[in-house]
Amino acid sequence: MRHYIGVVHQEGDSAFGIHFPDVPGCFSAADALDDLLPNASEALALHLEDEPLPEARSLDAVRTDAEVARDLEAGAFLLAVPFFRLSGRTAKANITMDAGLLAAIDQTAKERGLTRSAFLADLARREITG
């Protein structure tokens, strides 16, 4: 899985903002730090939809970028944001788990109006993107 390094800014009580030096024009924000990673991952997916993927530099390479170094000196910090491109097609998978856990998954999915597959896919997506 590819990761892009984001530069996170926050001034005072404002929202957290993030931009990606390797993906010009892509940015996101969140009021709470816990929401920043999933928001940023979604912003990358939307920004790069149907686009060729830009090279993702390493953490060290981004850190030594002159503009990023100035941002870091001003109080910004770096965040590795996972990127994966949804293909738009489904694939069948066979998984094994405890029968009691599977029953709980099925019950929870039903209560939320989801299929087992949709429920598990949503959980996996949220776990991967934070």
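**Salt bridges and strand pairing in a predicted model**

In this predicted model, Asp-22, Arg-57 and Asp-65 are linked in a network of salt bridges.

User: How many salt bridges does the structure hold?

Analyst: The network of Asp-22, Arg-57 and Asp-65 is a good place to start. Elsewhere, Asp-106 pairs with Arg-116, and Asp-122 pairs with Arg-126. For the whole structure, the number of salt bridges comes to 5.

User: Which parts of the chain does the Arg-57 and Asp-22 salt bridge tie together, and how far apart in sequence are they?

Analyst: The two side chains meet at 2.5 Å, N to O. Arg-57 sits in the loop between helix H1 (33-47) and helix H2 (59-63), while Asp-22 is in the loop between E2 and strand E3 (27-30), so the contact ties together parts with a sequence separation of 35 residues.

User: Is Asp-22 buried or exposed?

Analyst: Its partner Arg-57 has a relative accessible area of 27%, which makes it partly exposed. For Asp-22 the value is 10%, and the cut-off for buried is under 20%. So Asp-22 counts as buried.

User: Which helices does the Asp-106 and Arg-116 pair tie together?

Analyst: These side chains form a salt bridge at 2.7 Å, N to O. Asp-106 belongs to residues 99-111 and Arg-116 to residues 116-129, so the pair, 10 residues apart in sequence, ties together helices H4 and H5.

User: What is the relative accessibility of Arg-116?

Analyst: Take its partner first: Asp-106 is partly exposed at 28%. Arg-116 also counts as partly exposed, and its relative accessibility is 39%.

User: Where do Asp-122 and Arg-126 lie?

Analyst: Their closest N and O atoms are 2.9 Å apart, and they form a salt bridge. Asp-122 is partly exposed at 27%, and Arg-126 is partly exposed at 43%. The two are 4 residues apart, about one turn of the helix, and both lie in helix H5.

User: Over how many bridges do E1 and E4 pair?

Analyst: E1 covers residues 2-9 and E4 covers residues 77-83, and they run antiparallel. One of the pairings puts Arg-2 opposite Phe-83 in E4. The count for this strand pair is 7 bridges.

User: Which residue in the turn of the E1 and E2 hairpin has a positive phi?

Analyst: E1 joins strand E2 (residues 16-19) in the antiparallel sense through 3 bridges, and His-9 has Gly-17 in E2 as its bridge partner. The hairpin leaves 6 residues between the strands. In that turn, the residue with a positive phi of about 60° is Gly-12.

Notes: Residues numbered from 1 in each chain as written. Predicted model: local features only at pLDDT ≥ 70, side-chain atom pairs only at ≥ 80, totals over all residues. Heavy atoms only, no water. Pairing = 2+ DSSP bridges. Salt bridge = Lys/Arg side-chain N within 4 Å of Asp/Glu carboxyl O. Buried < 20%, exposed > 50% of the residue type's maximum accessible area, 1.4 Å probe, protein only.
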